[in-house]
Amino acid sequence: MRLNQDSCRRLVLLLALAAFTAFAGLAEAAPWRFAVLGDQRDSNGHWGVNKLVMQSMVNDIETRGVSLALVGGDQIYGQHGAPPPPGQASLPVMYRHWREAMGALLPICYPVRGNHETAGEIYNPNPYYWLNCVVRFLPQIPRNGPRGEK
């Protein structure tokens, strides 16, 4: 039996459809969840972060089986003077409070430095506090940025 060109096309399409249907389940990715957080700062810099709200968010996120937490800027209040005004925590203290409040999410979080984190760095030639108070504690963060921003 000899197949003409149309019959060959139909057969190829039929076999491709059968293969696609048979192997479609193998190509599916395992389900996963992520969370996005941001603006975790307090309103006056006394503590640096809104601890109560953060702890509530972290507790809720933990119960949802999240694999990745993207953390937008403004994790901390930042520092708008050197030295900080009376009653305002220093940047290292604010960052420590942030790390403590993030708790169990810290190993799965990928934060981005925002304007409030950057505000305290204007007195340094590079993001010294960001690198030493955040990046150093998060080995999962890629070190592939531009010079001075690894």
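1. Start with Arg64 and Asp60: their side chains meet in a salt bridge, with an N to O distance of 2.9 Å. Bear in mind that this is a predicted model. Neither end of the pair is buried: Arg64 comes out as partly exposed at 46% relative accessibility, and Asp60 is partly exposed too, at 36%.

2. How many salt bridges does a search of the whole structure find? The count is two. Besides Arg64 with Asp60, there is Glu100 with Arg96, where the side chains meet at 3.8 Å, N to O. That distance still qualifies because the cut-off for a salt bridge is 4 Å.

3. The Glu100 and Arg96 pair sits within one helix. Both residues belong to H3 (residues 91-102), and they are four residues apart, about one turn of the helix. As for accessibility, Glu100 is exposed at 52%, while Arg96 is partly exposed at 37%. Glu100 gets the label "exposed" because its 52% is over the 50% line.

4. On to H2 and H3. In general, two packed helices are described by the angle between their axes and the distance between the axes. Here the axes of H2 and H3 come within 8 Å and cross at roughly 35°. On the H2 side the contact involves Met54, Gln55 and Val58, and on the H3 side Trp98, Ala101 and Met102. By type, the residues of this contact split into five nonpolar, one polar and no charged.

5. Gln55 deserves a look of its own. This residue is in helix H2 (residues 51-63) and takes part in the contact with H3. Is Gln55 buried or exposed? In between: Gln55 counts as partly exposed, at 31% relative accessibility. Its C-alpha atom is 8.3 Å from that of Gly103, although the two residues are 48 apart along the chain.

6. Two aspartates to check in the backbone. Asp39 has a phi near 50°, a positive value in a residue other than glycine, and Asp74 has a positive phi as well, near 70°. Both are in loops: Asp39 is between strand E1 (34-37) and H2, and Asp74 is between strand E2 (68-71) and H3. Their surroundings contrast, with Asp39 exposed at 55% relative accessibility and Asp74 buried at 11%.

7. The loop between E2 and H3 also holds Gln88. What does the side chain of Gln88 reach? The partner is the backbone oxygen of Gly78, at 2.8 Å. Gln88 is a buried residue, with a relative accessible area of 12%, so it falls under the 20% limit. Asp74, in that loop too, is likewise buried, at 11%.

8. Last, the cysteines. A disulfide is a covalent bond between the sulfur atoms of two cysteines. How many disulfides does a search of the whole structure find? Zero. Cys109 is buried at 0% relative accessibility, and Cys133 is buried as well, at 9%.

Technical notes. Residues are numbered from 1 along each chain as its sequence is written. This is a predicted model: local features need pLDDT of at least 70, side-chain atom pairs count only at pLDDT 80 or more; totals for chains, interfaces and linings use all residues. Side-chain values use heavy atoms; hydrogens and water are left out. Buried means under 20% relative accessible area, exposed over 50%, partly exposed in between (1.4 Å probe, protein chains only). A disulfide is a pair of cysteine sulfur atoms within 2.5 Å. A polar contact is a pair of N or O atoms within 3.5 Å; within protein, one must be able to donate a hydrogen and the other to accept it, and residues adjacent in sequence count only if both atoms are side-chain atoms. Axes are lines fitted to C-alpha atoms, for helices over the stretch in contact, and angles run from 0 to 180 degrees between N-to-C directions. Contact means heavy atoms within 4.5 Å. Ala, Val, Leu, Ile, Met, Phe, Trp, Tyr, Cys and Pro count as nonpolar, Asp, Glu, Lys and Arg as charged, and the others, Gly among them, as polar.
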